[in-house]
Amino acid sequence: TGSEKQGAKAYYVSTPIYYVNDAPHLGHAYTTVAGDVLSRWHRQRGEKVWYLTGTDEHGQKIMRTAEANGVTPQEWADKLVTEAWKPLWEHLEIANDDFIRTTQKRHTDRVQEFVQDLYDKGEIYKGGYEGPYCVGCEEYKLPGELLDGEGEYAGQKLCPIHKKPVEILSEENYFFKLSEYGEKLLAHYEANPGFIQPESARNEVVNFVRQGLQDLSISRSTFDWGIPIPWDDKHVIYVWVDALLNYATAVGYNENQAKFEETFPADVHLVGKDILRFHAVIWPAMLMAQGLPLPGKIAANGWLMVGGEKMSKSNLTGIKPQDLTSHFGVDAYRWYFLRAIAFGQDGSFSWEDFSARYTSELANDYGNLASRVAAMVGKYFGGELPASTADGEAERAIHDGLTKAVTEADRRIGDDLDFQGGILAVFDFVKQVNGYITEQEPWKVAKDTSDEGKARLATILYTAAESLRAVAVLLNPVMPETSQKLWDSLGAAASLGALADQKIGEAGEWGRLPAGTTVTKGAVLFPRLEEKPTA
Ligand code: ME8
């Protein structure tokens, strides 16, 4: 967009790369939408941004799913990526800059080089290991964290996350000397209090590392769906080591030095709580071992729950993202989860809550404000935005309210990843503007045909329209389609240019929308909801 700082490091945001054993569900979409809003926000700050997502395609979980479906793992992954994952991200308006797949050569070659390099540096050795393994997690478990099975699983030990029996694996494997990094990791957490977010996640990781780290088995020899260990092709690289490296291989590690330096490390790795340790312990240790810089922040989102249970591939509760977008629209979908749940906390989804918030906050507060203002500019000024010439105390309160909303939203969304707080700051402003119109009663002022009356009416409608101009900019990262409709209805592009080029820093500059623009009663922002579909 021209105003990007040349040569500056990109603000780099990542999502987890998701397993392709199944189609994406609400939980995956939650993390990916959050990353999209964060990266769009930073783009609108005028920063250079790199937003990465992708898919994790190796390991036993994928291999077994493919086998069960009678195809090769690669065929299975190709099908899921092209038929399920990429289409959903497009549907949800995810503006990722790249999509990495761990079966791509640009990834597999670089992963082999990375691991070979660690081996050459003496960070990897051969050893034996036997222990309980959960295929769902693709992770060895500690005996102490297992649950006792009941009913059909009586007498067996279960994974605490998947509640399925673990398997005892015994392998001769290659190990990464993770145990040597405990002190360095603790020192890093100490020196960088914002490294792990939220606080509860940080505490969990610190406690875990304080208990002492074991070396990490980084190869598998009981199956072959993975990247071969370069010096011993009877082994494949552990799927988590392979997967974590996507954050480096996707941005030019060992391949495009300029790109790598301009992008790496990530400013924010967005993850779910389930994969926090991989990102906050193993990944930084791998980078330390190579002398590479560490990411700025690991931000863990909480669980999306339905009916009190974590939403997962095996507990889909029957609701697909598309079921919600077809009812509420894509923008409302993007908005809802970030608005309803404090980021980092668990939160429940219910159809009733979504419907209630849609109607009161989106349709009534926001949508009606936009349509009322456009209708009045049409009715009283023939659709030509009047100039504001009679600003008084009420208008100054609106100007102040906007300044506050911009500062608050920018800090909360852009810096703190407090999406809920940031969205609320903007919606508080929307409420304030609604209150202003109710108090000023432009429909009554319109009856006063004196010059003073006309100036008041013009001022009220300009103030409301200019407020909406700012709201469109501030909500663009969250609801891009709606903001565009509003932008069109305000006739803003003719003088201010494209919506995507509007900067957050300028959103609060009062008076940017010039008088004289053509205001039209555009498309309804949030149509009345249909009856809830019956399952
Ligand atoms: O773990 N609530 O992939 P995955 C909130 N391939 N977020 C949820 C969620 C829920 N109920 N369910 C899933 C993997 N998520 C690895 C990652 S990264 C180098 C490798 C989100 O397909 C959340 O972000 O199991 C979680 O961490 C991720 O999906 C797990 O996706």
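# A guided tour, from the annotated domain to the ligand shell

Start by selecting residues 385–532, which UniProt, in an unreviewed entry, lists as "domain: Methionyl-tRNA synthetase anticodon-binding". UniProt positions follow the numbering used here, feature names are shortened, and annotations may be inferred rather than shown by experiment. The span is 62% helix and 0% strand, and its end C-alpha atoms lie 39 Å apart. Helices (H or I, at least four residues) and strands (E, at least two) are DSSP runs, numbered from the N terminus.

Before you go on, note that this is a predicted model: local features need pLDDT of at least 70, side-chain atom pairs count only at pLDDT 80 or more, and totals for chains, interfaces and linings use all residues. Residues are numbered from 1 along each chain as its sequence is written.

**Zoom out: the whole chain**

Show the full chain as a cartoon and you will have 20 helices and 18 strands in view. The radius of gyration is 26 Å, close to the 24 Å that the globule rule gives for 535 residues, so the chain is as compact as a globular protein of that length. Here the radius is taken over C-alpha atoms, and the rule is 2.2 Å times the number of residues to the power 0.38. Along the principal axes, the C-alpha atoms fill a box of roughly 90 × 55 × 40 Å.

Colour by burial next: 44% of the 535 residues count as buried. A residue is buried if 20 or more other C-beta atoms lie within 10 Å of its own, exposed if 12 or fewer, and partly exposed in between, with C-beta atoms placed from the backbone. Among contacts between residues at least 6 apart in sequence, 75% join residues at least 24 apart; a contact means C-beta atoms, placed from the backbone, within 7 Å.

**Select helix H18**

Now pick residues 480–489, helix H18, where Pro480, Thr482, Ser483, Leu486, Trp487 and Ser489 are buried. Which helices help to cover the buried residues of H18? Among them are H12 (330–340), H13 (351–381), H17 (451–475) and H19 (493–496). After H18 comes Gly491, with a positive phi near 60 degrees.

**Select the parallel sheet**

Display E3, E2, E1, E14, E15 and E9 in that order: they make an open sheet of 6 strands with parallel pairing. Two strands pair if DSSP finds at least two bridges between them. E3 (98–101) and E9 (196–197) are the edge strands, each pairing on one side only. E2 (residues 49–56) and E3 run parallel and are joined by 4 bridges; to see a facing pair, label Gly54 and Ile100 in E3.

**Select the ligand shell**

Bring up the 22 residues around the ligand, of which Gly27, Thr31, Asp56, Gly272 and Leu304 come nearest. To belong here, a residue needs its C-beta atom, placed from the backbone, within 6 Å of the molecule. Strand E1 (11–19), helix H1 (26–44), helix H7 (239–244) and strand E14 (268–272) each give two or more residues to this shell. How many of its residues are nonpolar, polar and charged? The split is 12 nonpolar, 7 polar and 3 charged. Ala, Val, Leu, Ile, Met, Phe, Trp, Tyr, Cys and Pro count as nonpolar, Asp, Glu, Lys and Arg as charged, and the others, Gly among them, as polar.

While you are here, highlight residues 18–28, annotated in an unreviewed UniProt entry as "short sequence motif: 'HIGH' region". This stretch is 27% helix and 18% strand, with its end C-alpha atoms 8 Å apart.

**Select strand E8 and its partners**

Move to E8 (residues 167–176), which pairs with E4 (residues 124–134) in the antiparallel sense over 10 bridges. Tyr129 stands opposite Glu171 of E8. E8 also runs antiparallel to E10 (residues 216–217), joined by 2 bridges, and Phe176 has Leu216 as its bridge partner in E10.

**Last stop: unusual backbone**

Most residues other than glycine have a negative phi, and most peptide bonds are trans. Check these exceptions:

- Gln197 and Pro198 are joined by a cis peptide bond, omega about -5 degrees; Pro198 sits in the loop between E9 and helix H6 (199–210).
- Phe264 and Pro265 also share a cis peptide bond, omega about 0 degrees; Pro265 is in the loop between helix H9 (257–263) and E14.
- Lys163 has a positive phi of about 55 degrees and counts as exposed, with 12 C-beta neighbours inside 10 Å.
- Leu417 has a positive phi near 55 degrees and counts as buried, with 24 C-beta neighbours inside 10 Å.

Definitions and conventions: Contact = placed C-beta atoms within 7 Å.
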